[in-house]
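Colleague: I am new to this model and would like to be taken through it step by step, with the reasoning laid out for each point.

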Amino acid sequence: MARRHYRLPSLSALDAFEAAARQGSFKEGARELNVTASAVSHQIKALESELGVTLFDRGTRGVQLNRDGAALRAALEQGFGHIADAVARLRAQTGIEAVRIMATTAMSHLWLTPQLGRFWREHGTIQVNQHVTDSPWSETQHDLVIRYGDIGAESGDCQQLFGDVLRPLASPAFCRANPVAHLADLAQLPLIHLNAPDRHWTGWHDWLSRQGYSGPVRDGLSVNNYVIALQAAQDGMGVVLGWERMTRPLLSRGALRRLGQFQMPAPKMFYIVKTAGSGAKATLLRDWLVSAARALPEDASGGGIFENEN
């Protein structure tokens with residue numbers, strides 16, 4: 001039954017869906033919530049029934065988030081992130097210390113959240129509150145902030161995480177139907193443009209210009225969230241500008257493929273900022289994430305196909 005004031009589905013169903021989507025598994029989501037996998041599956045099916053949409057594509061190889069599921073997960077990550085941040089401020093008043101870390105939806109979805117899962121297994125007594133936002137600036141206080149940009153322009157305590165490579169990516173079927181050998185051909189395919197509030201992200205026009213192309217660029221789908229852009233590409237709607245390391249899980253399982261031989265090193269880098277006044281636990285988490293970014297192979301950045309658990 002929907003909650004009357006906010007017109008929301010059952011919070012238990014939303015919680016079950018978010019856990020399963022984030023963990024990449026009904027079973028792992030159930031383990032996190034301390035319930036059975038069948039209970040999580042039941043909650044998700046009830047949620048899909050109430051919303052009138054399916055959130056996972058179910059096939060012989062398993063189940064996988066579809067575009068509607070990815071959109072709901074992105075919204076829940078931001079909403080739960082705001083709630084966690086408010087709870088952290090309340091806990092701070094009672095002396096319960098939690099590390100507060102901020103990241104974009106894409107960074108959280110594709111890299112940070114899987115890393116935090118590994119961190120918690122090693123440091124289970126340290127509470128981490130993740131705040132997810134795609135706004136370039138936030139007045140909310142955080143201990144750690146992950147950014148993409150020019151680390152040399154920062155004046156605070158910053159550590160590099162990793163650079164990346166930008167390549168055109170599309171679904172396997174789209175790649176087979178649209179082989180390209182020249183930038184002019186690529187520029188005339190339906191491109192998925194990211195209109196994010198943070199203008200540090202490299203877009204198609206900038207990428208093509210840096211490759212030496214100055215001709216016309218075809219308009220295509222425009223979205224304001226990179227996770228949704230990736231889902232649209234998986235659905236065959238066009239070509240997305242892929243961050244090689246960030247999208248490694250999608251490439252590894254064949255959900256996306258490289259289109260052509262084009263590539264360009266990302267002009268900026270991902271780095272983590274430790275804000276003034278943050279404590280020893282924040283330093284521990286920061287150092288752990290920096291070490292993980294430098295030591296883990298690219299295909300260990302998280303993600304994977306959902307197993308069939310229906």
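Colleague: Which side chain does Arg167 join in a polar contact of 2.8 Å?

Modeller: Please keep in mind that this is a predicted model. Arg167 lies in strand 7, which covers residues 165–170, and among the residues that Arg167 touches are Val240, Leu241, Arg258 and Phe262. The side chain that shares the polar contact of 2.8 Å with the side chain of Arg167 is that of Glu244.

Colleague: Is Arg167 buried or exposed?

Modeller: The cut-off for counting as buried is under 20% relative accessible area. Because the relative accessibility of Arg167 is 16%, which falls under that cut-off, the residue counts as buried.

Colleague: In what order do the five strands of the open sheet lie?

Modeller: The edges help to place the strands, since strand 4 (128–132) and strand 6 (157–162) each pair on one side only. Inside the sheet, strand 3 (residues 99–103) and strand 5 (residues 144–149) run parallel and are joined by two bridges, and Ile101 has Leu144 as its bridge partner in strand 5. The pairing of the sheet as a whole is mixed, and the order of its strands is 4-3-5-13-6.

Colleague: Which helix packs on the sheet with its direction at about 175° to that of strand 4?

Modeller: Two helices can be considered here. Helix 11 (residues 280–295) lies across strand 3, strand 4, strand 5, strand 6 and strand 13, but the angle given for helix 11 is about 30°, to strand 6. The helix that touches these strands and makes about 175° with the direction of strand 4 is the one at residues 105–122, helix 5.

Colleague: Which residues have the most contacts inside the largest nonpolar core?

Modeller: In soluble globular proteins, nonpolar side chains tend to be buried together. Another core, of 16 residues, lies apart from the largest one and includes Ala13, Leu55, Phe56 and Leu76. The largest core has 66 residues, and those with the most contacts inside it are Trp111 and Trp207.

Colleague: How many disulfides does a search of the whole structure find?

Modeller: Two of the cysteines can be described by their accessibility before turning to the count. Cys158 counts as buried because its relative accessibility is 19%, and Cys175 is buried too, with a relative accessible area of 12%. For disulfides, the number found in the search of the whole structure is zero.

Technical notes:
Residues are numbered from 1 along each chain as its sequence is written. This is a predicted model: local features need pLDDT of at least 70, side-chain atom pairs count only at pLDDT 80 or more; totals for chains, interfaces and linings use all residues. Side-chain values use heavy atoms; hydrogens and water are left out. Two strands pair if DSSP finds at least two bridges between them. Helices (H or I, at least four residues) and strands (E, at least two) are DSSP runs, numbered from the N terminus. Contact means heavy atoms within 4.5 Å. Axes are lines fitted to C-alpha atoms, for helices over the stretch in contact, and angles run from 0 to 180 degrees between N-to-C directions. A nonpolar core is a set of buried Ala, Val, Leu, Ile, Met, Phe, Trp, Tyr and Cys residues joined through side-chain atoms within 4.5 Å. Buried means under 20% relative accessible area, exposed over 50%, partly exposed in between (1.4 Å probe, protein chains only). A disulfide is a pair of cysteine sulfur atoms within 2.5 Å. A polar contact is a pair of N or O atoms within 3.5 Å; within protein, one must be able to donate a hydrogen and the other to accept it, and residues adjacent in sequence count only if both atoms are side-chain atoms. Lists of a residue's contacts leave out its neighbours within four places in sequence.
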